[in-house]
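Got the structure open? Here are some exercises to work through with it, each followed by a solution.

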Amino acid sequence: MAFWILAPIMVVAALGILFVRKAVHAALLLAVVMISLAVLYAVLDAPFLFAVQIIVYTGAILMLFLFVLMLVGVDASDSVVETIRGQRAMATVLGLVLGLVLVTAFSQVALGSAVGLDEANAGGNIQQLANILFSRYVFAFEATSALLITAAIGAMVLAHRERLTPKPTQASLAAQRMRDYAESGKHLGPLPSPGVYARHNAVDTPALLPDGTASEASVSRVLAARGTVRSAPAFADDIDEVRRQLGGGRSDAAADPDRMPEQSGKAGAPASTEEDVPGTPGRSSAPPLRSSDEQRPGDPA
Amino acid sequence: MTNEYVVLSAILFTIGCVGVLTRRNAIVVFMCVELMLNACNLALVAFAKQHGNLDGQIAAFFVMVVAAAEVVIGLAIIMTIFRTRRSASVDDASLLKY
Amino acid sequence: MNLTVNAGAVVLASEGGAVPVVHPGAADGVFSLLWLVIALPLAGAVVLLLGGAMARGALDRVGHWLGTATVAGSFALSVALFVSLLGRSEEERQVGQHLYTWFQVGGLDVGMDLLYDPLSALFLLLITGVGALIHVYSIAYMEHDPRRRRFFGYLNLFVAAMLVLVLSANYLGLFLGWEGVGLASYLLIGFWQHKHSAAAAAKKAFVINRVGDIGLSLAIALMFATFGTTDFAAISAVSGEAGQGTLNALGLLLLLGACGKSAQVPLQAWLLDAMEGPTPVSALIHAATMVTAGVYLVVRSNFIYELAPAAQTVVVIVATVTLLWGAILGCAKDDIKKALAGSTMSQIGYMMLAAGLGVAGYPFAIFHLLTHGFFKANMFLGAGSVMHGMDDDVDMRHYGGLSKYMPVTFLTFAMGYLAIIGFPGFSGFWSKDKIIETALAENLVVGLCALLGAGITGFYMTRLMLMTFFGEKRWSEGVHPHESPKLMTIPLVVLAALSVLGGVLLLGDFVVDFLAPVTGVAEHHEPPLAPIAITILAVLVVAVGVGAAWYLVGRQAVPREAPQDVSFATRAARADLYGDAINDAVVVRPGLHLVHGLVTFDRVGVDGAVEGGSAAVGGISGVLRRVQNGFVRSYALSLLGGVLLVVLALLAVNLA
């Protein structure tokens with residue numbers, strides 16, 4: 001019964017791994033398959049494996065996958081274009097043939113009625129497994145322990161990065177900062193935090209500099225790359241819209257960067273010229289606005 | 001009863017296979033490998049029940065252990081490659097050729 | 001001949017002693033020093049040729065004396081051995097010395113064995129004696145050559161190899177010496193290799209000798225296949241067992257070898273060109289010793305030739321043709337050394353003729369070989385002396401009237417001249433007369449040819465004498481003929497004396513009796529005329545030849561340039577009777593065509609197949625290597641294909 005419910009789910013989920021574009025989705029679909037498998041193990045009188053499947057596979061291994069995915073970049077998705085000519089077609093054909101052959105062959109086999117594990121599991125599945133594992137398979141078991149230790153060391157070696165320069169101290173970092181300012185005029189102070197002078201304090205909202213321009217340095221690069229950064233003029237539009245709805249004709253010159261008189265502070269000038277988002281509504285590109293409209297976390301309406 | 005399990009196992013295995021062949025994100029390829037291993041495990045456990053013998057479950061257990069070790073090393077390698085090439089695509093690491 | 005092994009030797013020996021069996025006794029007393037005869041010049045060659053840069057200065061100063069001393073030492077030893085041999089009874093005059101086992105392969109056990117018997121004894125005296133004189137002569141002749149040390153090293157090497165040739169107790173050892181003298185001959189002909197003609201002549205001699213050597217090596221192989229050994233003693237004991245065909249084949253193959261080494265037709269072409277070498281080399285190698293090795297081979301193999309009448313007949317034919325061929329060449333050559341070389345060829349033809357006549361001829365072949373060694377070495381050295389005085393000019397048309405200016409050379413040369421034409425009383429008279437007599441007794445045609453040859457000899461030698469020493473001076477400008485130094489004239493005098501007195505060897509039939517243990521004792525054939533009549537006839541024929549020469553050459557002035565409007569015969573003789581043309585037409589050009597064909601086949605057929613194969617493999621590989629495209633997924637795909645195949649195969653096996 002459980003099988004006929006779970007089997008289609010598993011097949012669909014597995015097929016989904018083939019077709020979803022984002023790796024995170026694939027990982028989640030794999031989790032579905034694995035948990036379903038765990039349930040099937042339970043059905044097949046393997047309670048120990050049921051637990052291990054959930055704890056080790058779904059719990060540890062899949063988490064490891066997700067962890068690495070986060071490191072690599074969640075948004076790293078496959079491009080649709082196949083680079084190796086004929087690879088996809090051949091893989092599909094061969095895979096289908098193999099699947100057909102295997103399915104046909106296995107469905108033709110007459111295995112007879114199952115013996116069942118009631119007898120073998122007498123005294124508890126885990127106890128019986130332990131009996132076998134520590135008697136007949138004890139050497140294999142010890143070998144796997146050596147394998148796991150080797151794997152752990154190997155992972156450490158692979159992940160290890162040799163430190164080539166001395167670890168920077170706070171004093172050296174400060175000195176470097178001063179040097180950068182002297183040589184290239186890089187901003188000396190801390191980056192502006194998001195939304196400090198804005199009318200909004202969400203992380204995707206750039207900070208407004210004293211001259212009223214938005215500072216891209218104040219938002220995460222990831223957000224900028226996704227195109228989900230909200231621009232200050234957009235907020236200004238929103239505010240104007242709200243004001244119009246409220247029926248007020250007042251306009252706040254200080255809040256609108258476009259109409260703000262040109263005034264440049266010595267400290268803010270380099271940062272603003274280099275890192276500003278497009279300031280005028282006419283020049284600001286539409287797609288970021290649209291996407292930000294869709295994903296706006298919360299409107300102060 | 002076992003036939004269905006084994007057929008399911010074969011289907012999952014084949015899907016994993018095709019996934020390895022078609023996906024290019026190394027992590028997804030790796031997931032497909034895991035899928036294939038799990039498919040095998042399912043067959044092992046099913047046969048254990050068919051024959052009333054716990055050896056199948058032991059084998060599945062060992063497969064899991066080996067898979068864990070493999071994942072650790074494999075993901076470490078993927079990380080290393082990503083660190084140097086800024087890419088997780090298996091096709092990018094294709095310099096070792098004719 | 002249906003004879004058993006043991007009976008064969010006995011019966012053959014009793015049949016008029018046709019083929020004596022070689023049965024060397026142990027080497028004791030002075031004979032135990034036999035090896036030293038070879039070792040001395042060999043050591044000289046090793047020191048002179050391999051003496052390092054350290055000793056080079058010293059060797060350059062005394063090397064020629066060292067080289068001469070080793071050969072002189074060998075000569076002294078040879079004399080001692082000869083005297084000891086004379087002291088023995090006739091049955092004990094064969095001494096064998098086993099030095100060491102050369103090699104042992106399967107059933108072939110070849111020892112480095114020496115055999116000292118009357119035949120070897122005479123050769124030893126000739127080689128070391130004449131060799132020592134020529135070494136002395138060369139000291140002066142090569143005085144201004146910067147490579148004199150090397151020259152003496154080569155000469156010593158030659159002497160050592162020649163001694164190995166005549167002392168070896170088996171055919172393989174003989175072959176070693178045979179190749180050794182060939183090498184030395186090559187090195188010495190090409191000694192002045194900066195001259196293109198000398199280098200080409202050396203190569204020509206070497207290549208033509210190889211043709212003969214193939215015959216000899218095949219003969220040795222056939223001997224081993226037939227008799228299982230190459231020892232003279234063993235083969236002479238069992239040679240009667242072999243079939244007539246085998247023996248004839250052996251005889252012909254040995255004759256091929258002899259033809260190569262002794263410049264007999266058809267392998268005669270190299271000898272005249274070999275005169276490019278220094279004159280002492282021409283005297284020693286290409287007149288006195290090496291070119292007579294073929295005669296030695298035939299005489300030494302008498303136990304084969306006596307049983308192979310067909311091969312013997314071929315020997316006689318070849319010898320007769322060569323005899324006349326060489327004589328005709330000698331008539332037309334203006335180069336003094338080439339005229340002498342033609343004469344050498346002709347005289348070796350006489351020796352071969354005698355050797356081909358069988359038991360009756362062997363002693364006279366060797367006798368003529370010895371006397372020829374004396375007088376021809378004498379004349380070559382004399383020619384060298386003349387060239388020395390004439391600034392190395394060899395053209396007799398540029399000589400004339402030298403008798404006053406080079407009296408010693410003239411007188412010694414005259415002795416040689418009288419000896420070669422067979423002036424009664426001189427050595428050549430005795431030896432040639434005996435050969436003509438024997439030939440007439442055997443076969444009238446051959447005998448008449450030999451007689452004719454004697455007449456032509458008289459003609460061309462008189463021509464040579466007249467053009468060189470008589471008539472008016474036709475010298476080039478700036479040439480001041482002078483007598484050669486003592487070191488050159490003393491050997492000339494000694495050799496001249498030997499040329500005159502060589503005939504004493506025939507006193508009381510000494511040579512015949514002395515060689516009897518080797519050659520056997522001949523049955524007496526009655527010649528068609530009384531011996532005295534034949535002698536008178538021969539002298540008359542020679543006199544006619546001399547008269548003709550005086551009539552044609554001596555009576556009138558000799559033009560300084562060779563006249564071109566001459567008869568066909570003269571033109572043919574000047575062109576070596578078209579020997580080179582025949583070689584070109586018969587061997588060289590078909591060979592070239594064959595080689596061109598083979599090269600074309602090799603390039604198109606073999607190379608085509610090989611390179612096509614490799615190109616095909618390379619091309620396929622170039623395509624196939626694209627399979628390894630670096631994409632892991634692509635490899636995985638082929639893995640899947642393999643899995644599919646295995647699964648299908650499993651199913652097929654299970655369902656079948």
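The exercises below start with chain C as a whole, go on to helix pairs, and end with a single residue; keep in mind that this is a predicted model.

**Exercise 1. Take stock of chain C.**
Work out how many helices and strands chain C has, and what share of its residues is buried.

*Solution.*
- Start with the secondary structure: chain C has 25 helices and three strands.
- Next, look at burial. Chain C is 656 residues long, and 55% of them count as buried.
- Then turn to the surface, where chain C exposes about 25700 Å². Carbon and sulfur atoms supply 69% of that area.
- Finally, check the contacts in chain C with a separation of 6 or more: 82% of them come from residues 24 or more positions apart.

**Exercise 2. Describe how α14(C) and α15(C) pack.**
Find the angle and the distance between their axes, then say whether the helices are roughly parallel or roughly antiparallel.

*Solution.*
- Locate the helices first: α14 of chain C covers residues 309–332, and α15 of chain C covers residues 336–356.
- Their axes come within 7 Å and cross at roughly 160°.
- Angles over 145 degrees count as roughly antiparallel, so α14(C) is roughly antiparallel to α15(C).
- For handedness, the crossing is left-handed.
- Now zoom in on the contact. On the α14(C) side it includes C:Val315, C:Leu323 and C:Trp325, while the α15(C) side has C:Gly342, C:Met345 and C:Tyr350 among its residues.
- Sorted by type, the residues of this contact are twelve nonpolar, ten polar and no charged.

**Exercise 3. Do the same for α17(C) and α18(C).**
Which residues make the contact, and which way does the crossing go, left-handed or right-handed?

*Solution.*
- Helix α17 of chain C spans residues 407–421 and α18 of chain C spans residues 427–442; their axes are 6 Å apart, at an angle of about 15°.
- Angles under 35 degrees count as roughly parallel, and α17(C) and α18(C) are therefore roughly parallel to each other.
- α17(C) passes α18(C) in a right-handed crossing.
- α17(C) brings C:Ala419, C:Ile420 and C:Ile421 to the contact, and α18(C) brings C:Ser427, C:Gly428, C:Phe429 and C:Lys432.
- That gives four nonpolar residues, two polar and one charged.

**Exercise 4. Place A:Ala151.**
Is A:Ala151 buried or exposed, and what does it touch?

*Solution.*
- A:Ala151 lies in helix α6 of chain A, residues 138–159.
- Its relative accessible area is 7%. Buried means under 20%, so A:Ala151 is buried.
- Leaving out residues up to four places away in sequence, A:Ala151 touches B:Ala69, B:Val72 and B:Ile73.

Terms used
Residues are numbered from 1 along each chain as its sequence is written. Chains are lettered from A and ligands numbered from 1 in the order in which they are written. This is a predicted model: local features need pLDDT of at least 70, side-chain atom pairs count only at pLDDT 80 or more; totals for chains, interfaces and linings use all residues. Side-chain values use heavy atoms; hydrogens and water are left out. Axes are lines fitted to C-alpha atoms, for helices over the stretch in contact, and angles run from 0 to 180 degrees between N-to-C directions. Helices (H or I, at least four residues) and strands (E, at least two) are DSSP runs, numbered from the N terminus. Angles under 35 degrees count as roughly parallel, over 145 as roughly antiparallel, 65 to 115 as roughly perpendicular and the rest as oblique. A crossing is left-handed if the near helix is turned anticlockwise from the far one by less than a right angle, and right-handed if clockwise. Contact means heavy atoms within 4.5 Å. Ala, Val, Leu, Ile, Met, Phe, Trp, Tyr, Cys and Pro count as nonpolar, Asp, Glu, Lys and Arg as charged, and the others, Gly among them, as polar. Buried means under 20% relative accessible area, exposed over 50%, partly exposed in between (1.4 Å probe, protein chains only). Accessible areas come from the Shrake-Rupley method with a 1.4 Å probe; for residues, only the protein chains shown count as cover.
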